[in-house]
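Me: I'm new to this structure and would love a close look at one part of it. Could you walk me through the surroundings of the first ligand, and then show me what lies around that part?

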Amino acid sequence: MQVQELLQKNSIANKFIAQLRDVEIQKDRLRFRKNIERLGEILAYELSKELKYNKEHFQTPLGEVDVPQPESDLVICSILRAGLPLHQGLLNYFDDAENSFISAYRHHPDNDEKFEVLVEYMASPSLEGKTLLLADPMLATGTSFANVLEALKPMGTPAKIHLVSVIGSEVGIENLKEIFPPNSKLWIATIDKELDQNGYIVPGLGDAGDLCYGTKKQH
Ligand SMILES: O=P(O)(O)OC[C@H]1O[C@H](OP(=O)(O)OP(=O)(O)O)[C@H](O)[C@@H]1O
Ligand SMILES: O=c1cc[nH]c(=O)[nH]1
Ligand SMILES: [Mg+2]
């Protein structure tokens, strides 16, 4: 798995990341979701440079022109819940992509810091031979991405997988390098060094799902 980190180069993306992280600004859920969506758009643009293109012919009112067009076999798969605004950002640019939705959530069976990641819901077209964009804004331990890859296996083997994320941890990314095929690529806005004892990214931004949609009751 290759890794491309957006914030290695300064851009307007820095502003969106800073607003996601800021403990006061992030209280505005609408802005929080919108900033994840905007980063989805930027990451879509960056990864679009590596898609395959075919020359297509167009008629303007004044003449004819060839413009290479991206291949059309994209499937965007988001990991619920926090993947939803990232999904929308990708879909804003890849508007003719197919779509998958899959759940992954941290279940704390003993109400302590130990957790397992459960996948319980999936709605997906066939992925056989297609280009899969797997979207989750947080890549902490990497377990959600790993379990989702496993759960998607019955849907067929994609020709190429692009993982799309906003904040990752170094250890989580190393874990995924062992699991995802070598031709996969992670497009991520920024990478932090540490995880705390609860598996949260430090400094990170907190709980992305809760910041997008509110807290959830454990069950
Ligand atoms: O890399 P990992 O260690 O698996 O952690 C990252 C996952 O944790 C969060 O999901 P969470 O379980 O909080 O669900 P939510 O999106 O519904 O809040 C986040 O949205 C990622 O899916
Ligand atoms: O830091 C983290 C880790 C998992 N999930 C989040 O939302 N944030
Ligand atoms: Mg959460």
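Reply: Let's start with the elements that build the shell around ligand 1: strand 6 (105–107), strand 10 (138–139), helix 4 (143–151) and helix 6 (208–213) each supply at least two of its residues. Keep in mind that this is a predicted model. In total, 20 residues surround ligand 1, and the closest are Ala-82, Ala-140, Thr-141, Ser-144 and Gly-209. Sorted by class, that shell has nine nonpolar, seven polar and four charged residues.

Some of those names come back at ligand 2, where Ala-82, Ala-140 and Gly-209 are among the surrounding residues. Others around ligand 2 include Met-138, Tyr-200, Ile-201 and Asp-207. The shell of ligand 2 has six nonpolar residues, two polar ones and one charged one.

Two of the shell elements also lead us to helix 5. The buried residues of helix 5 pack against strand 10 and helix 4, and also against strand 1 (2–5), strand 11 (160–169) and strand 12 (185–192). Which residues of helix 5 (170–179) are buried? They are Gly-172, Ile-173 and Leu-176. Viewed down the helix axis, these buried residues fall within an arc of 95°, so they line one face of helix 5. On the other side, Glu-174 and Glu-178 are exposed.

Finally, the nonpolar core. In soluble globular proteins, nonpolar side chains tend to be buried together. Here the largest nonpolar core has 50 residues, and Val-164 is one of those with the most contacts inside it. Helix 2 (29–48) gives the most to this core, with six residues. Among the residues that Val-164 touches are Gly-40, Leu-43, Leu-86 and Trp-187.

Note on methods:
Residues are numbered from 1 along each chain as its sequence is written. Chains are lettered from A and ligands numbered from 1 in the order in which they are written. This is a predicted model: local features need pLDDT of at least 70, side-chain atom pairs count only at pLDDT 80 or more; totals for chains, interfaces and linings use all residues. A residue is near a molecule or strand if its C-beta atom, placed from the backbone, lies within 6 Å of it. Helices (H or I, at least four residues) and strands (E, at least two) are DSSP runs, numbered from the N terminus. Ala, Val, Leu, Ile, Met, Phe, Trp, Tyr, Cys and Pro count as nonpolar, Asp, Glu, Lys and Arg as charged, and the others, Gly among them, as polar. A nonpolar core is a set of buried Ala, Val, Leu, Ile, Met, Phe, Trp, Tyr and Cys residues joined through C-beta atoms within 7 Å. A residue is buried if 20 or more other C-beta atoms lie within 10 Å of its own, exposed if 12 or fewer, and partly exposed in between; C-beta atoms are placed from the backbone. Two residues are in contact if their C-beta atoms, placed from the backbone, lie within 7 Å. The arc is that of the directions from the helix axis to the C-beta atoms. Lists of a residue's contacts leave out its neighbours within four places in sequence.
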